[in-house]
Amino acid sequence: RPAEIIPKLIFDTAESDRISETMVTLTSYVEEMTANFLAGNIDIESGWDAYLAEIDAIGVDAVVETVQQVYDRMYK
């Protein structure tokens, strides 16, 4: 059992709008790259840094920041 379980987060419209498009793009990219890594189409050792750079470029930090703000508002 995990030490901490994060309860459901409720986003307002602005927060939801801020992350929804990024999450669609991010999820699609992660799924595509996971398949490529597993199939051996892209070497995970040589392609990992580019993978992480693309995730950053897509905007993962903004998503994490928004989710953290919602969590803080609701539970801190």
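**Notebook: aromatic pairs and helix α1**

I began with the rings and found that the structure holds five aromatic pairs. The first pair I examined was W48 and Y51: their ring centres are 4.9 Å apart and their planes meet at 40°, so this pair is tilted. I noted that the model is a predicted one.

**Entry: confidence**

I then looked up how confident the predictor was. The mean pLDDT of the protein chain is 94, and 100% of its residues reach 70 or more. By element, helix α2 (residues 44-58) has the highest mean pLDDT, 97, and helix α3 (residues 60-75) the lowest, 94. I kept a general caution in mind: where pLDDT is low, predicted coordinates should not be read in detail.

**Entry: W48 and Y51**

How many residues apart are W48 and Y51 in helix α2? They are three residues apart, which separates them by about one helical turn. I recalled that an α-helix has 3.6 residues a turn, so residues three or four places apart point the same way.

I next asked whether Y51 is buried or exposed. Y51 has a relative accessible area of 8%, and because the cut-off for buried is under 20%, Y51 counts as buried. W48, by contrast, is partly exposed, with a relative accessible area of 36%.

**Entry: Y71 and Y75**

I turned to a second pair, Y71 and Y75, which is also tilted. Its ring centres lie 5.5 Å apart, with 40° between the planes. These two residues are four places apart in helix α3, and therefore about one helical turn separates them. Y71 counts as buried at 18% relative accessibility, whereas Y75 is partly exposed at 36%.

**Entry: the cluster**

Which residues join W48 and Y51 in one aromatic cluster? I found that Y29 and F37 do. Both Y29 and F37 are among the buried residues of helix α1, and I therefore examined that helix next.

**Entry: helix α1**

Helix α1 runs over residues 13-39 and has 27 residues. From its first C-alpha to its last it reaches 39 Å, close to the 39 Å expected at 1.5 Å a residue. I recorded a bend of about 30° at I19.

I also inspected both ends. At the start of α1, a side-chain oxygen of D12 comes to within 3.1 Å of the backbone nitrogen of A14. After α1 comes G40, whose phi is positive, near 85°.

What do the buried residues of α1 pack against? They pack against α2 and α3. The buried residues include E15, I19, T22, L26, M33 and N36, together with Y29 and F37.

**Entry: E15 and V24**

I chose two residues of α1 for a closer look. E15 lies in this helix and is buried, with a relative accessible area of 6%. Which residues is E15 in contact with, leaving aside its neighbours within four places in sequence? I listed I10, T66, V70 and R73.

V24 also lies in helix α1, but it is exposed: its relative accessible area is 60%, and the cut-off for exposed is over 50%. I compared its position with that of V64. V24 and V64 are 40 residues apart in sequence, and their C-alpha atoms are 14 Å apart in space.

Definitions and conventions. Residues numbered from 1 in each chain as written. Predicted model: local features only at pLDDT ≥ 70, side-chain atom pairs only at ≥ 80, totals over all residues. Heavy atoms only, no water. pLDDT = per-residue confidence, 0-100. Phe/Tyr/Trp six-rings, centres within 6.5 Å; stacked < 30°, edge-to-face > 60°. Buried < 20%, exposed > 50% of the residue type's maximum accessible area, 1.4 Å probe, protein only. Expected span 1.5 Å × (residues − 1). Bend = angle between axes of the 7 residues up to and from the residue. Contact = heavy atoms within 4.5 Å. Polar contact = N/O pair within 3.5 Å; in protein donor to acceptor, adjacent residues only side chain to side chain.
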